[in-house]
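Biologist: Could you take me on a close look at the enclosed empty spaces in this protein, and at what surrounds them? I am new to this, so please go step by step.

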Amino acid sequence: MFGKLLKNDLKAQWHSISTIFLCIAFIVVGAEIFTLTSKVQAITVMGGMLVCLALGFACIVVLIAVALMFSKTMFGRAGYLTLALPVKTSSLLISKTVSGLIWIFSVYALFIGSLFLWVYQVKQTLGDQMISSVEDILSIFGVPSFLTIFIGIIFFLISLAVITLVMVQALQLSITLSNISPVSKFGNLGIIVMFFVIFLVVQFVTTELSEYFPIGFVVTSDTVKFTSDIARTKASLGGAGLSIGICGSIFRLLAAIGLHYPTVYLIQKKINIK
């Protein structure tokens, strides 16, 4: 049943979000063609960077679009039909969350792909000598090599995925609260304020908790060390390497799961459909 629910959500949302993806495709393909056909090094480098920036902006646009679709299908005119479906409210909410994440992560994947493509274009344009010089500069800041950066990016993407889940859950809770009296009288301003309050509180609490559990990895140019005390391990290596904590992401994931339950309760017990 959940599979059918998710399929129908994706199909219905595609009508709203397809225009955004069409605009993204038009801008990105056009910019990449211009970048790849240009013989001027500066344009090649800057063009790839602009593609990355455009896709980064698109990530924000899609996040807003997902929030609007959630509000429309759950609490707008379609809300009566949605909440009348013979499925659990929890399943409805999970379906909206998963479908929203699919659209968001699709744009994220394009963004990350454009970032790697840009790095490849820079390497091809500027040559290995420039890359070697950049690595020397990176070593000054405690980053041994591009391999270290690559490993760091992998963990960053995992962390970004968890933060995105927190953002989606915070948006859903904020939108739900905005449809309950007396909060509903504040309208969209109330949604924005509540979203930032919820998101920042989660970020602050999980960051503070992670300070008490300094578990993670220290990545050097030739090894990846798992440790229960990142600072001590890095000190033993002379301060070299890239520090990657994992507890913050774990706590944020738990917080994101936790945000699901008050949203379900409010939809079941307190909601006022417009």
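Modeller: Happy to! Let us begin with a word we will need: a residue is called buried when its relative accessible area is under 20%. By that cut-off, buried residues make up 41% of the 274 residues in the chain. Please keep in mind that this is a predicted model. The mean pLDDT of the chain is 79, and 80% of its residues reach 70 or more. Confidence varies along the way: helix 3, residues 79-83, has the lowest mean pLDDT among the elements, at 68, while helix 8, residues 247-269, has the highest, at 91.

Next, the overall layout. The chain holds eight helices and three strands. Reading from the N terminus, their order is α-α-α-α-α-α-β-β-α-β-α. If we take the contacts between residues at least 6 apart in sequence, 73% of them join residues at least 24 apart.

Now to your empty spaces. Rolling a probe the size of a water molecule over the atoms shows where empty space is left. In this model the search gives two cavities of 30 Å³ or more.

The largest cavity contains about 50 Å³ of space. Its lining is made of Gln13, Val66, Met69, Phe70, Lys96, Ser99, Gly100, Val168 and Gln172. Three helices each supply at least two residues of that lining: helix 2 (41-75), helix 4 (89-140) and helix 5 (146-177). Sorted by class, the lining has four nonpolar, four polar and one charged residues.

The second largest cavity contains about 40 Å³. Around this second space you will find Leu63, Val66, Ala67, Phe70, Val168, Leu171 and Gln172. Helix 2 and helix 5 each give at least two residues to the lining of the second largest cavity, and helix 2 has the largest share, with four residues. Here the classes come out as six nonpolar, one polar and no charged residues.

Did you spot Val168? It appears in the lining of the largest cavity and again in that of the second largest, so it is a good residue to zoom in on. Val168 lies in helix 5. Because its relative accessibility is 3%, Val168 counts as buried. Leaving aside residues up to four places away in sequence, Val168 touches Leu63, Thr97, Leu101 and Ile104. Leu63, one of these partners, is also part of the lining of the second largest cavity. As for distance, the C-alpha atoms of Val168 and Phe199 are separated by 9.6 Å, and these two residues are 31 apart along the chain.

Let us follow one of those contacts to Thr97. This residue is found in helix 4. Thr97 is buried too, because its relative accessible area is 7%. With residues up to four places away again set aside, Thr97 touches Leu165, Val168, Gln169 and Gln172. Gln172 should look familiar, as it helps to line the largest cavity and the second largest cavity.

One last stop is the cysteines. A disulfide is a covalent bond between the sulfur atoms of two cysteines. The count of disulfides in this model is zero. Cys59 is buried because its relative accessibility is 7%, and Cys247 is buried because its value is 10%.

Note on methods
Residues numbered from 1 in each chain as written. Predicted model: local features only at pLDDT ≥ 70, side-chain atom pairs only at ≥ 80, totals over all residues. Heavy atoms only, no water. 1 Å grid on protein atoms, 1.4 Å probe; cavity = no way out; pocket = protein on both sides within 12 Å on 5 of 7 lines; lining within 4 Å. Points joined across faces, edges and corners; volume = space filled by probe spheres on them. Nonpolar A, V, L, I, M, F, W, Y, C, P; charged D, E, K, R; others polar. pLDDT = per-residue confidence, 0-100. Buried < 20%, exposed > 50% of the residue type's maximum accessible area, 1.4 Å probe, protein only. Contact = heavy atoms within 4.5 Å. Disulfide = S-S within 2.5 Å.
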